[in-house]
Amino acid sequence: MRNVYALALAGVLTAAVAGCGSSSKNSASTATPAASTSAQGPYGGASKSAAATSATAVVVTTKHSKVGTILAAGPKHKTVYLFEADKGPSSSCTGTCEHAWPPLTAASATASAGAQQAHISTITRPDGVKQVTYNGHPLYFFARDGDAGDAYGQGVKAFGASWYVLTPAGQKIDTD
């Protein structure tokens, strides 16, 4: 009898753990409206499952790096990048590109610690999600950056163009 209870408990725990880590669209669609409007992605902005009109906000700030003072965003102060393929107020990074270079998404953004509020705006991506821009450049994270000290995407050429960190004035830093 004791083994039956142990097996039942193990099954319940396995189901609970599997449910907690799920990020599938099915789990997002069953969330209450309040939960889905505050959903955050792994980089600090709104998650892909959050509605484009979500109430999430993100802070764009500055930090010191090897190449100077650069922009960062989100609760983990991760480096943000511009993509030279982006022309005008639209993002050229979709599909496979956005897996490697997740866009900084949020319904709104504010500036802090040297970033300039006048440079911050949002655009609407093809999927309806709001993406934060700075000085007209859509902003992205780099999937390989694990913490606030990383800027592995600086100068990388991928998806048809180069990726660069930005100064607080909104200019790319080209170290090539």
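## Exercises on cores, sheets and a pocket

The largest nonpolar core of this chain has 17 residues, and Val60, Leu104 and Val132 have the most contacts inside it. E1, E2 and strand E7 (130-134) each supply at least two residues of this core. The model is a predicted one.

**Exercise 1. Find which residues Val132 touches, leaving out those up to four places away in sequence.**

Step 1. Start with the core. Val132 is among the three residues with the most contacts inside it.

Step 2. List the partners. Val132 touches Val58, Val60, Leu104, Ala106, Ala109, Ile120, Ser121, Thr122, His137, Pro138 and Leu139.

Step 3. Compare the two lists. Val60 and Leu104 appear among the partners of Val132, and both are also named among the residues with the most contacts in the core.

Step 4. Look beyond this core. A second, separate core has 13 residues, including Cys93, Trp101, Ala161 and Trp163. In soluble globular proteins, nonpolar side chains tend to be buried together.

**Exercise 2. Work out the strand order of the four-strand open sheet, and place Val60 in it.**

Step 1. Write the order. The sheet runs E3-E2-E1-E5, with mixed pairing. Strand E3 (78-79) and E5 are its edge strands, each pairing on one side only.

Step 2. Take the antiparallel pair. E1 and strand E2 (residues 68-73) are joined by six bridges in the antiparallel sense. A hairpin of two residues links E1 to E2. Ser65 stands opposite Gly68 in E2.

Step 3. Take the parallel pair. Strand E1 (residues 57-65) runs parallel to strand E5 (residues 108-111), with four bridges between them.

Step 4. Place Val60. On the E2 side, Val60 stands opposite Ala73. On the E5 side, the bridge partner of Val60 is Ala111.

**Exercise 3. Which strands stand at the edges of the three-strand sheet, and why is one side of each left without a neighbour?**

Step 1. Write the order. This open sheet reads E4-E10-E9, and its pairing is antiparallel.

Step 2. Name the edges. Strand E4 (81-83) and strand E9 (157-158) each have a single partner strand, so one side of each has no neighbour in the sheet.

Step 3. Check one pair. E4 and strand E10 (residues 161-165) run antiparallel and are joined by three bridges. Within this pair, Leu82 stands opposite Tyr164 in E10.

**Exercise 4. Describe the lining of the second largest pocket by element and by class.**

Step 1. Give the volume. The second largest pocket holds about 200 Å³.

Step 2. Find the centre. Of its 13 lining residues, Ser65, Lys66, Gly149, Asp150 and Ala151 lie nearest the centre.

Step 3. Assign the elements. E1 gives the most to the lining, with three residues. Ser65, named in the lining, is the residue that stands opposite Gly68 in E2.

Step 4. Sort by class. The lining has five nonpolar, five polar and three charged residues.

**Exercise 5. Set these parts in the whole chain: how many helices and strands are there, and in what order do the elements run?**

Step 1. Count. The chain has four helices and 10 strands.

Step 2. Read from the N terminus. The elements run α-α-α-β-β-β-β-α-β-β-β-β-β-β.

Step 3. Add burial. Of the 176 residues, 39% count as buried; here buried means under 20% relative accessible area.

Step 4. Add contact range. Take the contacts with a separation of 6 or more: 60% of them are between residues 24 or more positions apart.

Notes: Residues are numbered from 1 along each chain as its sequence is written. This is a predicted model: local features need pLDDT of at least 70, side-chain atom pairs count only at pLDDT 80 or more; totals for chains, interfaces and linings use all residues. Side-chain values use heavy atoms; hydrogens and water are left out. Two strands pair if DSSP finds at least two bridges between them. On a 1 Å grid over the protein atoms alone, a cavity is a set of points where a 1.4 Å probe fits but cannot get out, and a pocket is an open set with protein on both sides within 12 Å along at least five of seven lines; lining residues have an atom within 4 Å of a point. Grid points are joined across faces, edges and corners, and a volume is the space filled by probe spheres set on the points. Ala, Val, Leu, Ile, Met, Phe, Trp, Tyr, Cys and Pro count as nonpolar, Asp, Glu, Lys and Arg as charged, and the others, Gly among them, as polar. A nonpolar core is a set of buried Ala, Val, Leu, Ile, Met, Phe, Trp, Tyr and Cys residues joined through side-chain atoms within 4.5 Å. Buried means under 20% relative accessible area, exposed over 50%, partly exposed in between (1.4 Å probe, protein chains only). Contact means heavy atoms within 4.5 Å.
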